[in-house]
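Take a walk through this protein, one element at a time. Keep the sequence beside the 3D view as you read.

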Amino acid sequence: MDTTEKRVYSIFEQISGGYDRANARISLGLHRRWKRMLTHRLAGLTPPGAQVLDVCCGTGDIALETARLRSDLTVTGLDFSPAMLQVAESRGRDLGNVRFLRGSALALPGEDGQFAAACISFGLRNTADYGRVLREMRRVVQPGGMVYCLDSFVPDNWLIRPFYRLYFRYLMPLIGGGRRDAACYRWLYESTERFLRRDALEALFREVGMTGVQAESRMFGACVLVLGCA
């Protein structure tokens, strides 16, 4: 692991137990609506009986909801944090069409063209090489399949941006992690600040070979779903 990976690994190992509750607090409950942008696309566009890969799956929100919406799909969630995967596995014991694997987003274990769709939600910005992750996702998706990225962004709206930064820099770490884990949640702000802007991510999708690139945004561009065809 490089320095970034080690830091992210340490953070998510530490906050795994309270991660879902913290997300609800931080987003004022809106994160569920944002994730529905992705799960509804996966459920609506993925062919019958196909395989879906959820990269950086964390505690399994996207993988589990997709598996519930489409019992005919085989959903694989992948993450490099054992603690996050332990939470995901405990939440998915009632589902027979989802499994969780430990692995790196930089070197996905799937074969070329194995999956009909691959997604990554609120995870790309925490990786060490955005382009490499997207190339790996495109590699494991069959030609014509879909690649999705849902993530946090600095809003494009210049009127909203100062309030966004005030909240996420100073209030969000305390709301999410309290005094004990505030430093961990401060990283989530830092990773969003250094992340690509929406148009740059769309350009990167095209650069790695995706076609028909589209985007859908929420909260003045603070949350965006970018998708493209492999």
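Start with two strands. Strands β5 and β7 run antiparallel and are joined by 7 bridges. Two strands count as paired if DSSP finds at least two bridges between them. One pair to find is C149 and its bridge partner in β7, V226. Helices (H or I, at least four residues) and strands (E, at least two) are DSSP runs, numbered from the N terminus.

A word on what you are viewing. This is a predicted model, in which local features need pLDDT of at least 70 and side-chain atom pairs count only at pLDDT 80 or more, while totals for chains, interfaces and linings use all residues. Residues are numbered from 1 along each chain as its sequence is written, and side-chain values use heavy atoms, with hydrogens and water left out.

Now the overall picture. The protein has 8 helices and 7 strands. Of its 230 residues, 53% are buried. Buried means under 20% relative accessible area, exposed means over 50%, and partly exposed lies in between (1.4 Å probe, protein chains only). The protein exposes about 10,600 Å², and carbon and sulfur atoms supply 52% of that area. Accessible areas come from the Shrake-Rupley method with a 1.4 Å probe; for residues, only the protein chains shown count as cover. Contacts also reach along the chain. Take those between residues at least 6 apart in sequence: 72% of them join residues at least 24 apart. Contact here means heavy atoms within 4.5 Å.

Go back to β7. This strand spans residues 223–229, and 6 of its 7 residues are buried. Strand β7 also pairs with β6 (residues 211–218), in the antiparallel sense, over 6 bridges. There, T211 has C229 as its bridge partner in β7. The two strands β6 and β7 form a hairpin with 4 residues between them. In that turn, M219 has a positive phi of about 50°.

How many disulfides are there? The count is 0. A disulfide is a pair of cysteine sulfur atoms within 2.5 Å. C223 shows why: its sulfur is 9.7 Å from the closest cysteine sulfur, in C149, which is too far for a bond. C223 is also buried, at 1% relative accessibility.

Next, the interior. In soluble globular proteins, nonpolar side chains tend to be buried together. A nonpolar core is a set of buried Ala, Val, Leu, Ile, Met, Phe, Trp, Tyr and Cys residues joined through side-chain atoms within 4.5 Å. The largest such core here has 29 residues. Those with the most contacts inside it are L53, L124, L134, M137, L201 and F205. Two or more residues each come from β1 (51–55), β4, α6, β5, α8 (198–207) and β7. Helix α6 gives the most, with 5 residues. Look at F205. Leaving aside neighbours within four places in sequence, F205 touches nine listed residues, including L134, V147, C149, V213 and V226. A second, separate core has 28 residues, among them W34, M37, C57 and L227.

Helix α4 holds T66. T66 is buried, at 1% relative accessibility. Beyond its neighbours within four places in sequence, T66 is in contact with T39, L42, L73 and V75.

Finally, look for charged pairs. A salt bridge is a side-chain nitrogen of Lys or Arg within 4 Å of a carboxyl oxygen of Asp or Glu. The count comes to 12 salt bridges. One of them joins D61 and K35, at 2.6 Å from N to O. This pair links distant parts of the chain: D61 is in helix α4 (residues 61–69), K35 is in helix α3 (residues 31–45), and they are 26 residues apart. D61 is buried at 17% relative accessibility, and K35 is buried at 12%. K35, D61 and R91 are linked in a network of salt bridges.

D151 and R125 form another salt bridge, with their closest N and O atoms 2.5 Å apart. D151 sits in strand β5 (residues 141–152), while R125 is in the loop between β4 (115–121) and α6 (130–140). Both D151 and R125 are buried.

A third salt bridge stays within a helix. R139 and E136 meet at 2.9 Å, N to O. They are 3 residues apart in helix α6, which means about one helical turn separates them. Here R139 is partly exposed, at 26%, whereas E136 is buried, at 14%.
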